[in-house]
Amino acid sequence: RKEHVLSKEIEQVLASLGEVTSTFKTIFSKIDNADLPKKVIKHKGESYEITHGTYGVLTESSDRALRKKAYDAYYDAYISVANTITETYRGNVKKNVFYAKTRGYDGCLDMALKGEDVSKDVYLNLISSVRDNLPLMHDYMRAKKKALSLKQMYPYDIRVPAIEGAD
C-alpha cells in the first residue's frame with residue numbers, strides 16, 4: 001500500500017477520521033444485534049423467539065410451516081428497519097469512495113483487494129466461475145425440490161436437509 005500513503009499531515013487527518021468513519025459498522029452491528037424488533041412466533045402450541053441462532057435451527061426443521069413462520073418473522077424485523085439499514089450502507093459506500101479517491105486507488109474494489117493481497121483478476125475470476133457454474137446450483141435446487149416433494153421452492157426451504165435424518 002506504500003504508493004497510497006499520503007503526506008504526514010493528510011495521514012494525520014485521515015487517522016483522526018477513523019472514529020467517525022467506523023460508525024457505519026457500529027450502527028449496523030447495533031441494529032443487527034440489539035435493536036431489531038424482537039419477534040416471537042407461535043407454532044403448534046410452542047413459542048419461539050426469533051434470533052440469529054434460533055432462525056438457523058428453525059429453517060432446518062422438517063416442518064415447512066414452522067420454517068415459513070421463522071423466515072417471515074426474521075425478515076420482517078429487517079424490513080421494519082430497512083430505511084435505516086439502507087442509509088447506513090449508503091454512508092459506508094460513500095466513506096469507501098472517499099478513501100479510495102483520497103488515497104488514489106482506481107476504485108473501492110482495488111482498495112479492498114489491496115488490503116487482502118488479492119489481485120483483481122483473482123476476484124473477477126471467482127465471480128466468473130460462480131456465474132459459469134450457476135446451472136449446477138439450479139440443477140441441485142431442482143433435485144432438492146423434487147426430493148422434498150415441493151411444487152414451489154422458497155428461501156425457507158433451502159436449509160432443510162433433502163434427505164430425512166441427514167445432519
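**Tyrosines on H5**

I started with Tyr74 and Tyr78, which sit 4 residues apart in helix H5 and so are separated by about one helical turn. I kept in mind throughout that this is a predicted model.

Next I looked up the ring geometry. By the pairing rule I get 9 aromatic pairs. For Tyr74 and Tyr75, the ring centres are 5.0 Å apart and the planes stand at 85°, so I logged the pair as edge-to-face. Tyr74 with Tyr78 is edge-to-face too, because the planes make 65° at a centre distance of 5.4 Å, and the cut-off for that label is over 60 degrees.

Then I asked myself which of these tyrosines are buried and which are partly exposed. Tyr74 comes out at 13% relative accessibility, so it counts as buried. Tyr78, at 16%, is buried as well. Tyr75 has 35% and therefore goes down as partly exposed. The limit for buried is under 20%.

I also followed the ring pairs outward: they link Tyr55, Tyr71, Tyr74, Tyr75, Tyr78, Tyr154 and Tyr156 into a cluster.

**Nonpolar cores**

I turned to the packing. In soluble globular proteins, nonpolar side chains tend to be buried together. Here the largest nonpolar core has 14 residues, and Leu36, Ile41, Ile50 and Leu58 have the most contacts inside it. Two helices, H4 (52–58) and H5 (64–79), each give two or more residues to this core. H5 supplies the largest share, 6 residues.

What does Leu58 touch, once I skip residues up to four places away in sequence? I noted Ile41, Tyr48, Ile50, Leu66, Arg67 and Ala70. Another core, of 5 residues, lies apart from the largest one; its members include Leu14, Ala100, Tyr105 and Met111.

**Largest pocket**

I pulled up the largest pocket, which has a volume of about 250 Å³. Its lining consists of Arg1, His4, Val5, Lys95, Asn96, Tyr99, Arg103, Tyr105, Met111 and Gly115. Helices H6 (82–102) and H7 (108–116) are the elements that give two or more residues to that lining. H6 gives the most, with 3 residues. I sorted the lining by type and got 4 nonpolar, 3 polar and 3 charged residues. Tyr105 and Met111 caught my eye, since I had them down both in the lining and in the 5-residue core.

I spent a bit longer on Lys95, another lining residue, which is found in helix H6. Leaving out neighbours within four places in sequence, I have Lys95 in contact with Thr21 and Phe24. I also checked Lys95 against Tyr140: they are 45 residues apart along the chain, and their C-alpha atoms are separated by 39 Å.

**Positive phi**

Last, the backbone. Most residues other than glycine have a negative phi. I went looking for exceptions and wrote down two residues.

Asp117 is not a glycine, yet has a positive phi of about 55°. I found Asp117 in the loop between H7 and helix H8 (120–132). Its relative accessibility is 73%, so Asp117 counts as exposed.

Ser149 also has a positive value, with phi near 55°. Where is Ser149 found? My entry puts Ser149 in the segment after helix H9 (134–147). Ser149 counts as exposed because its relative accessibility is 65%, and the mark for exposed is over 50%.

Technical notes: Residues numbered from 1 in each chain as written. Predicted model: local features only at pLDDT ≥ 70, side-chain atom pairs only at ≥ 80, totals over all residues. Heavy atoms only, no water. Core = buried A, V, L, I, M, F, W, Y, C linked by side-chain atoms within 4.5 Å. Buried < 20%, exposed > 50% of the residue type's maximum accessible area, 1.4 Å probe, protein only. Contact = heavy atoms within 4.5 Å. 1 Å grid on protein atoms, 1.4 Å probe; cavity = no way out; pocket = protein on both sides within 12 Å on 5 of 7 lines; lining within 4 Å. Points joined across faces, edges and corners; volume = space filled by probe spheres on them. Nonpolar A, V, L, I, M, F, W, Y, C, P; charged D, E, K, R; others polar. Phe/Tyr/Trp six-rings, centres within 6.5 Å; stacked < 30°, edge-to-face > 60°.
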